[in-house]
Amino acid sequence: MATSGARRIEDIPERFNAAVDLLETNIASGRRDKVAIIDRDGETSYGLLAERVERMAGVFADLGIEREQRVLLCLVDTADFPTIFLGALRAGVIPVPLNTLLVASDYAWILENSGAKAVFVSAELADAWRDIADAAPDTKFLSVGGGPWDEFAALLGGADSLPPADTHRDDIAFWLYTSGSTGRPKGAMHSHASLRLTANLFGLAVLGVREDDVVLSVAKQFFAYGLGNSLTFPYAAGATVVLHAGRATPEAMSDLVRRHRVSVFCGVPTFFAGWLASDTVPTREDAPALRIATSAGECLPAHLGEAFRGRYGGDIIDGLGSTEMLHIFLSQRPGAVRYGCTGKPVPGYEVRVVDDAGNKVSPGELGELQVRGPTSAAGYWRNRPKSVATFQGDWVRTGDKYSYDADGWYSYGGRSDDMLKVGGIYVSPIEVEEALVRHAAVLEAAVVGDADADGLVKPRAFIVLQPGATAGELLEAELKAHVKALLAPYKYPRWIEFIDELPKTATGKIQRYRLRAPA
């Protein structure tokens with residue numbers, strides 16, 4: 001059965017392996033010699049990528065890693081990521097890509113929580129793992145592109161190509177960890193079928209990725225959003241993807257757009273704000289192939305979409321997705337964009353907006369957005385309470401407040417809880433607060449979201465100082481550096497206000513809503 005038209009789980013063959021589906025389809029379609037990936041090391045054809053993935057299955061066999069066992073991927077974006085990720089899928093091993101911006105304590109917790117048998121680490125990320133590796137002698141660590149452990153490339157070169165595991169479409173294929181309100185990440189478990197279904201429902205049918213496209217994503221492959229943009233969608237279409245291993249600065253992205261004639265550019269609002277204001281942003285003449293862009297992670301301010309359209313003549317297609325649903329399920333449409341709202345349900349998904357009692361609200365009323373569709377995660381690993389709270393029958397609670405109008409357009413109204421989205425990544429205010437109070441000068445802290453000049457959310461901290469501590473610019477700078485040293489850098493508070501006391505309930509809970517700026 002062909003999978004290119006599959007829209008439901010039932011449309012996918014029962015015996016199904018996602019790695020085989022994405023790669024062997026391209027080989028059978030005559031794209032063996034076509035460039036699949038452009039990265040810092042050059043070009044990788046579909047044929048070479050398929051061969052590497054087949055040998056990667058052999059690497060797992062050589063390492064003694066069995067089906068359904070987990071391996072962690074802490075990798076920058078190069079062709080090694082899809083080699084290891086898809087090689088694991090081919091072997092029936094479960095790859096778990098990790099956010100490369102986390103700190104060592106996060107990684108140590110995930111290693112213990114996942115029970116992973118091996119960890120693949122890019123050379124530039126090795127320092128965060130050295131002490132963890134020393135404390136986990138039974139876990140196999142592999143260096144990718146250099147580092148202190150056995151080199152992955154040497155193992156790949158000496159491995160035999162192996163046939164794919166006989167996996168089922170419903171078998172768990174991979175996990176993605178997503179942040180929770182306690183600050184501890186949750187491992188969302190996704191099936192083999194979900195990769196093809198996200199490609200068909202959004203990547204091909206809505207975004208319209210084509211074989212002749214060159215795709216570039218600001219979000220890395222360890223994100224659900226980036227995994228679709230840079231792996232699932234281009235491979236499903238037989239397109240070419242450009243991977244950037246470093247930080248996605250406006251200068252770096254502008255250079256890649258120009259040099260590789262990028263036609264599909266996937267970003268987030270924070271990036272688009274800086275990029276469109278940068279002196280390096282390409283003109284329409286510099287980027288004649290650029291025809292469309294996507295944005296997700298947080299609501300796209302209308303002026304950014306309008307600025308992109310004015311410069312390039314195409315639209316930024318804003319959308320809402322989640323790690324739990326794997327990619328975008330609520331989106332604008334090419335040629336039918338209404339900036340300032342998120343859009344309409346992607347065909348194949350259903351959404352509803354409900355009140356606290358679970359009743360559907362009327363148009364114009366604010367309620368919690370819930371979604372159901374064929375790419376929902378099976379649940380969270382070893383976290384039944386959160387699984388039960390989030391996955392309620394067929395419906396998945398998003399934690400977002402939304403309203404909709406009579407024409408079926410949905411507009412964002414904020415988070416249902418206190419979680420923040422900074423640069424498209426969830427940030428727990430509790431986690432930032434805990435980091436702040438570890439400073440000797442801080443007695444109490446509360447963190448809320450606030451909008452910067454571009455209307456994008458960043459953390460704002462309210463601090464009650466210890467007796468004898470002195471507020472001022474020096475302490476403010478010190479506290480920001482303190483948080484950066486303890487947490488991923490994007491989590492640090494952009495603004496700090498020193499106050500006498502925090503607003504609290506009678507039982508002592510902080511009332512963060514009283515600290516937020518009026519809407």
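Colleague: Let's start with one side chain: is Glu497 buried, exposed or partly exposed?

Modeller: Bear in mind that we're looking at a predicted model. Partly exposed runs between 20% and 50% relative accessible area, so Glu497, at 32% relative accessibility, counts as partly exposed.

Colleague: And where does Glu497 sit?

Modeller: Glu497 belongs to strand E26, residues 495-498. Beyond its neighbours within four places in sequence, Glu497 is in contact with Arg460, Ala461, Phe462 and Ile463. Also, the C-alpha atoms of Glu497 and Val464 are 8.8 Å apart in space, with the two positions 33 residues apart in sequence counting.

Colleague: Now the two threonines. Is Thr294 buried or exposed?

Modeller: The cut-off for buried is under 20%. Thr294 has a relative accessible area of 1%, so Thr294 is buried. You'll find Thr294 in strand E13, residues 292-295. Its contacts, leaving aside neighbours within four places in sequence, include Leu207, Tyr225, Phe265 and Ile316.

Colleague: What about Thr139, buried or exposed?

Modeller: Thr139 counts as buried, because its relative accessibility is 16%. Thr139 lies in a loop, between helix H5 (130-134) and strand E6 (140-144). Setting aside neighbours within four places in sequence, Thr139 is in contact with Leu111, Ala116, Lys117, Ala118 and Val119.

Colleague: How should I read a nonpolar core?

Modeller: The general idea is that in soluble globular proteins, nonpolar side chains tend to be buried together. Here, the largest nonpolar core has 119 residues. Among the residues with the most contacts inside that core are Phe60, Phe120, Phe265 and Trp275. A second, separate core has 47 residues, including Leu72, Trp149, Val432 and Ala441.

Colleague: Which residues does Phe120 touch?

Modeller: Not counting residues up to four places away in sequence, Phe120 touches Met56, Phe60, Leu63, Val71 and Phe152, among others.

Colleague: Last one: how do I read a helix pair?

Modeller: Two packed helices are described by the angle between their axes and the distance between the axes. Take helix H1 (residues 18-28) and helix H2 (residues 46-63): their axes come within 10 Å and cross at roughly 140°. Only angles over 145 degrees count as roughly antiparallel, so H1 is oblique to H2. The crossing of H1 past H2 is left-handed.

Colleague: Which residues make that contact?

Modeller: H1 brings Leu23, Asn26 and Ile27, while H2 brings Tyr46, Gly47, Leu49, Ala50 and Val53. Sorted by class, the contact of H1 with H2 has 6 nonpolar residues, 2 polar ones and no charged ones.

Key
Residues are numbered from 1 along each chain as its sequence is written. This is a predicted model: local features need pLDDT of at least 70, side-chain atom pairs count only at pLDDT 80 or more; totals for chains, interfaces and linings use all residues. Side-chain values use heavy atoms; hydrogens and water are left out. Helices (H or I, at least four residues) and strands (E, at least two) are DSSP runs, numbered from the N terminus. Buried means under 20% relative accessible area, exposed over 50%, partly exposed in between (1.4 Å probe, protein chains only). Contact means heavy atoms within 4.5 Å. A nonpolar core is a set of buried Ala, Val, Leu, Ile, Met, Phe, Trp, Tyr and Cys residues joined through side-chain atoms within 4.5 Å. Axes are lines fitted to C-alpha atoms, for helices over the stretch in contact, and angles run from 0 to 180 degrees between N-to-C directions. Angles under 35 degrees count as roughly parallel, over 145 as roughly antiparallel, 65 to 115 as roughly perpendicular and the rest as oblique. A crossing is left-handed if the near helix is turned anticlockwise from the far one by less than a right angle, and right-handed if clockwise. Ala, Val, Leu, Ile, Met, Phe, Trp, Tyr, Cys and Pro count as nonpolar, Asp, Glu, Lys and Arg as charged, and the others, Gly among them, as polar.
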